[in-house]
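Here's a quick tour of a protein chain, starting with one residue and then stepping back to the whole thing. Have a look at the picture first, then read on.

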Amino acid sequence: MKNEQWWKDAVIYQIYPKSFKDSNGDGIGDINGIISKLDYLEKLGIDAIWLSPVYKSPQDDNGYDIADYQAIDTMFGTLEDMDRLISEAKTHHIRIIMDLVLNHTSDEHRWFQEAKKSKDNPYHDYYVWRDAQDGQLPNDMQSVFGGPAWEYVEEVDQYYFHQFSVKQPDLNWDNEAVKHELYDMINWWIDRGVGGFRLDVIDQIAKVPDLKITNNGPKLHDYIRELNENTFGKGEFITVGEAWGANIDNAKLYSNPDGSEFSMVFQFEHIGLDQQEGKEKWDLAPLPFIKLKQVLTKWQEALDGSGWNSLFWDNHDLPRIVSRWGNDQAYRKESAKMLAVVLHGMQGTPYIYQGEELGMTNVQYPIEDYEDLETLNMYHERKKQGYQEEGIMRSIHAKSRDNARTPMQWDASDNAGFTTGTPWLKVNPNYIEINAKDNLEDPDSVFACYQKLIALRKSYPIFVDGHFHLLLEEDENFFAYMREDENSELLVVANFFDQQVNLPLELDLQDYTILYQNYKDTSGNLYRPYEARIYYKQK
């Protein structure tokens with residue numbers, strides 16, 4: 001058992017470096033830009049930064065295609081800049097969590113360049129290769145980004161396997177040399193002072209393509225435990241595994257309190273609810289609100305005492321939550337705060353994605369303004385399949401990953417204060433009204449809400465330790481729940497929609513104190529659109 005699980009009390013802030021802050025006017029966010037905003041992040045109150053990849057990369061998939069794990073891409077700065085970020089963040093009481101992509105590399109990585117020279121090359125077996133079957137592909141598996149998951153290399157007369165882009169060949173975790181190369185690299189980062197790791201698509205590493213198994217392969221947890229023993233298991237590091245295929249049983253393994261795998265897991269069951277069942281994320285459906293409550297409750301109850309939840313609405317791959325399940329027009333501030341209250345009141349470690357604390361919204365660009373590979377591939381595939389332009393664009397406006405990747409909105413100056421140059425991705429035009437400067441000057445801002453929620457978490461142990469009980473399970477307006485420990489009770493009540501409704505809850509609230517409310521006053525049992533309150537009582 002770990003002595004100090006500091007991450008249970010922590011709040012993590014995700015930075016997508018390309019879009020956070022540009023320090024040199026080239027239109028691309030960089031490490032020195034992040035350093036310049038550490039005061040802002042300390043003011044917010046966060047404990048750690050999860051940094052999306054800044055490694056050397058051809059940027060085919062926005063840095064998740066790594067050409068050198070131990071070099072910083074020149075677009076972001078230098079290794080010296082990275083060391084300075086780690087060091088300066090510590091003076092602001094902030095740890096740096098590196099993004100680890102251990103399932104695949106870039107095809108420009110030195111290992112792959114060697115691997116494709118010949119079958120006898122020692123690096124050949126670092127990747128997953130198969131022979132053609134009767135002059136055809138090894139099988140009919142498809143890449144997540146579209147097209148076959150196999151790519152032919154003439155020099156070796158074989159196909160390599162890639163679950164994602166054709167430029168992201170999958171590593172072969174059955175090869176001991178691969179694993180030890182990765183362990184050495186992770187320990188090298190540990191020695192540089194990082195505070196932990198987020199492990200990209202980690203549930204894919206034990207793939208068995210011959211059986212068409214990609215996630216949750218038979219050796220997955222053996223591999224993870226071995227990884228832990230050889231690297232971050234030796235210290236008090238935060239580790240979070242991204243696992244799109246997570247279920248309750250394997251999440252308990254991923255986040256076992258004995259520390260044998262990770263601190264916690266990213267599961268995505270709640271994130272897939274607003275798509276048509278059995279179809280792709282682009283096939284939109286209304287949010288089934290009752291189901292959302294059921295799913296979040298299931299994870300709260302199942303991991304209580306036997307694992308640990310990651311709490312998130314947003315990340316670099318997901319649309320902005322205020323546009324998705326809130327109301328980014330008439331009630332943008334109210335609904336952004338309500339969603340924050342619902343999330344931060346639950347048990348687990350909350351994650352804030354850059355701009356979420358400002359209530360940043362989705363964008364609606366024409367197709368030529370999008371950069372995201374997944375978005376563009378879908379657009380062209382659906383056009384070929386005969387989908388109507390209007391429907392395709394409606395899906396992109398709702399779900400494109402570029403919604404999260406528009407530059408951070410710092411102020412109302414040109415390009416939202418993100419860059420003095422031309423931004424790599426168009427800035428959301430609403431930066432005039434939505435920006436950090438205005439948020440910081442407004443005591444009733446979305447930023448102030450997040451700041452307050454973080455402070456409450458650090459002041460009241462029940463936010464970390466309290467058991468979760470869902471209330472009003474079948475109610476179609478309210479998300480309400482109780483958190484309870486030996487000494488106190490926490491009641492979270494949120495009107496999830498834009499109608500004014502009375503709270504149908506038989507509770508005497510006279511003994512409770514209101515710790516937070518997202519309207520300036522309260523009106524008893526009447527809840528206004530997106531109104532949320534946190535009540536507290538000592539037993």
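## Zooming in on Ser 57

Let's start with Ser 57, which sits in the loop between strand S3 (55–56) and strand S4 (68–72). Keep in mind that this is a predicted model.

Is Ser 57 buried or exposed? Ser 57 has a relative accessible area of 9%, and buried means under 20%, so Ser 57 counts as buried.

## Who Ser 57 meets

The side chain of Ser 57 has a partner in the backbone: the nitrogen of Gln 59, at 2.9 Å.

What else does Ser 57 touch, once you set aside its neighbours within four places in sequence? Its contacts are Gly 63, Asp 65, Ala 67 and Asp 73.

## Stepping back to the whole chain

Now for the big picture. The chain has 16 helices and 20 strands. Its radius of gyration is 23 Å, close to the 24 Å that the globule rule gives for 539 residues, so the chain is as compact as a globular protein of that length. Along the principal axes, the C-alpha atoms fill a box of roughly 75 × 50 × 45 Å.

Of the 539 residues, 61% are buried. If you take the contacts with a separation of 6 or more, 69% of them link residues 24 or more positions apart.

## Surface and charges

On the outside, the chain exposes about 20,800 Å², and 45% of that comes from carbon and sulfur atoms.

As for charges, the chain carries 53 positive and 91 negative ones. The mean positions of these two sets are 2 Å apart.

How values were computed. Residues are numbered from 1 along each chain as its sequence is written. This is a predicted model: local features need pLDDT of at least 70, side-chain atom pairs count only at pLDDT 80 or more; totals for chains, interfaces and linings use all residues. Side-chain values use heavy atoms; hydrogens and water are left out. Helices (H or I, at least four residues) and strands (E, at least two) are DSSP runs, numbered from the N terminus. Buried means under 20% relative accessible area, exposed over 50%, partly exposed in between (1.4 Å probe, protein chains only). A polar contact is a pair of N or O atoms within 3.5 Å; within protein, one must be able to donate a hydrogen and the other to accept it, and residues adjacent in sequence count only if both atoms are side-chain atoms. Contact means heavy atoms within 4.5 Å. The radius of gyration is taken over C-alpha atoms; the globule rule is 2.2 Å times the number of residues to the power 0.38. Accessible areas come from the Shrake-Rupley method with a 1.4 Å probe; for residues, only the protein chains shown count as cover. Lys and Arg count as positive and Asp and Glu as negative; His and the chain ends are not counted. The place of a charge is taken as NZ of Lys, CZ of Arg, CG of Asp or CD of Glu.
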